[in-house]
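Work through the exercises below with the sequence and the coordinates open. Each task is followed by a solution in steps.

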Amino acid sequence: QALGLLSATVVALVALIVLAARPLVWLTTLGGWSGDRYELAITLTRITALGTGLLVLSALCLGVLNAHRRYFVAYSAPVVWSAAQIVALLVALTVDAAPDQVARWAAIAMVVGSVGQLVVQLPTLLRAEGDIPVPSFARGPHLREALRQFAPAVSGRGIVQLASYVDLAL
């Protein structure tokens with residue numbers, strides 16, 4: 001049940017971040033960046049938004065695998081994510097790429113690693129679940145309970161992030 005709602009939410013938020021990357025980067029840099037640096041930050045935000053969305057779905061897989069006591073795959077899958085970035089950075093060092101190109105390669109490797117992390121978990125997830133989970137927007141009692149606890153959990157963490165941002169701005 002959570003797959004459908006989470007997938008739809010992730011797609012919507014990633015699309016929003018990709019479309020609103022310019023004002024988001026302006027806001028997070030407090031309007032202090034311009035030129036090539038600003039444009040690179042916008043590009044990197046757009047690329048990494050996709051990877052972050054895939055990581056959210058991978059985290060759902062991790063939770064389901066934990067519920068089935070399948071810990072090894074869930075906790076070793078992030079190695080794929082790290083390995084993709086390490087390979088990209090090693091290639092960048094080998095070809096002596098410019099710093100902005102290295103940043104782009106690392107961002108793309110983050111997306112590739114996110115896909116890899118998700119793909120590594122899927123076979124074990126499918127075996128544990130017994131069938132392919134079908135996205136659904138049905139709201140059973142477990143999903144309702146998760147949604148009830150969502151706002152307080154996100155609010156608590158969001159306040160810490162907001163306080164850090166205000167501290168940075170000041």
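**Exercise 1: a patch residue**

Task: determine whether V119 is buried, partly exposed or exposed.

Solution. V119 has a relative accessibility of 49%, so it counts as partly exposed; buried means under 20% relative accessible area, exposed over 50%, and partly exposed in between (1.4 Å probe, protein chains only). The model is predicted: local features need pLDDT of at least 70, side-chain atom pairs count only at pLDDT 80 or more, and totals for chains, interfaces and linings use all residues. Residues are numbered from 1 along each chain as its sequence is written, and side-chain values use heavy atoms, with hydrogens and water left out.

Next, place the residue: V119 is in helix α6. Helices (H or I, at least four residues) and strands (E, at least two) are DSSP runs, numbered from the N terminus.

Last, find its partners. V119 joins V115, L122 and L126 in a nonpolar surface patch with about 280 Å² of accessible area together. Patch members have over 30% relative accessible area and no salt bridge (a side-chain nitrogen of Lys or Arg within 4 Å of a carboxyl oxygen of Asp or Glu); nonpolar side chains (Val, Leu, Ile, Met, Phe, Trp, Tyr) are joined within 5 Å, like charges within 9 Å. The areas come from the Shrake-Rupley method with a 1.4 Å probe, and for residues only the protein chains shown count as cover.

**Exercise 2: the cores**

Task: find which residues touch the most other members of the largest nonpolar core.

Solution. A nonpolar core is a set of buried Ala, Val, Leu, Ile, Met, Phe, Trp, Tyr and Cys residues joined through side-chain atoms within 4.5 Å. The largest has 13 residues, and L65 and L118 touch the most other members. Two or more residues each come from α1 (2-19), α3, α4 (71-76) and α6. The largest share, 5 residues, is from α3. A second, separate core of 5 residues includes A21, V25, A41 and I42.

Now list contacts (heavy atoms within 4.5 Å). Beyond four places in sequence, L118 touches L54, L57, S58 and C61. S58, in helix α3 (residues 35-67), touches Q117, L118 and Q121 under that sequence cut-off. With a relative accessible area of 0%, S58 is buried.

**Exercise 3: positive phi**

Task: locate L30 and D96 and state their exposure.

Solution. Most residues other than glycine have a negative phi. L30 has a positive phi of about 55°; it lies in the loop between α2 (21-28) and α3 and is partly exposed at 43%. D96 has a phi near 55°; it lies in the loop between α5 (78-95) and α6 (99-129) and is exposed at 67%.
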